[in-house]
Amino acid sequence: MSRLYLLRHAKAKWAEPGSRDYDRALELSGKADADNIAASMLLAGHMPDRVLCSGARRARETWEVASRHLLVADVRYMDELYSSDATGYLDIIRSAGGGSVLVVGHNPMMEDLAMALSRGGEKVALATLAGGFPTCGLAVIRFSTPLDAIAPEDGYLEEFVAPRDL
């Protein structure tokens with residue numbers, strides 16, 4: 001059994017005039033949300049084997065805060081997670097190797113991917129996800145196959161947590 005953790009970056013500041021969207025920093029509330037989500041992951045026993053993190057500043061900062069709780073040695077920063085669609089995310093995850101993977105990325109890709117992969121799931125988790133994928137939301141999807149072999153509708157949405165739920 002393998003698990004995929006999809007973590008949308010935490011709440012970010014608006015882009016300053018003349019700056020790029022890619023360089024947006026986290027709000028203080030976003031840093032607090034990332035800390036709380038990561039602490040809840042640790043308490044629930046959700047420990048990924050590797051992390052795939054968008055190279056965008058807000059995603060990197062989300063992982064930086066989360067990494068205080070989640071000690072993962074294999075962390076890969078990937079600009080492709082900033083610009084890819086949900087299909088691109090799936091290809092990146094498949095090529096990441098075995099075990100469990102935490103993806104720190106962006107919407108709408110996170111929401112689209114979580115919905116596409118989850119054929120079934122816990123009723124509360126499915127209902128929460130159907131309401132949208134908020135900043136610092138976390139989807140936990142279980143598969144009976146290794147992640148390099150996953151396909152749409154192969155997963156089971158075990159849990160969906162948003163900062164407002166903590």
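**Getting to know this chain**

Q: How far apart do the centres of the positive and negative side chains lie?
A: The chain carries 18 positive and 23 negative side chains. Lys and Arg count as positive, Asp and Glu as negative, with His and the chain ends left out, and each charge is placed at NZ of Lys, CZ of Arg, CG of Asp or CD of Glu. The centres of the two sets lie apart by 3 Å.

Q: What kind of model is this, and how are residues numbered?
A: It's a predicted model, where local features need pLDDT of at least 70, side-chain atom pairs count only at pLDDT 80 or more, and totals for chains, interfaces and linings use all residues. Side-chain values use heavy atoms, without hydrogens and water, and each chain's residues are numbered along its sequence as written, from 1.

Q: Which pattern do the helices and strands follow along the sequence?
A: There are six helices and seven strands, taken as DSSP runs (H or I, at least four residues; E, at least two) and numbered from the N terminus. Read in order, they give β-α-β-α-β-α-α-β-α-β-α-β-β.

Q: Which residues touch the most other members of the largest nonpolar core?
A: A nonpolar core is a set of buried (under 20% relative accessible area, 1.4 Å probe, protein chains only) Ala, Val, Leu, Ile, Met, Phe, Trp, Tyr and Cys residues joined through side-chain atoms within 4.5 Å. The largest one has 28 residues, and strand E1 (2-8) and helix H4 (86-94) are among the elements that each supply at least two of them. Touching the most other members are Leu4, Leu6, Leu52, Ile93 and Val103.

How values were computed
Buried < 20%, exposed > 50% of the residue type's maximum accessible area, 1.4 Å probe, protein only.
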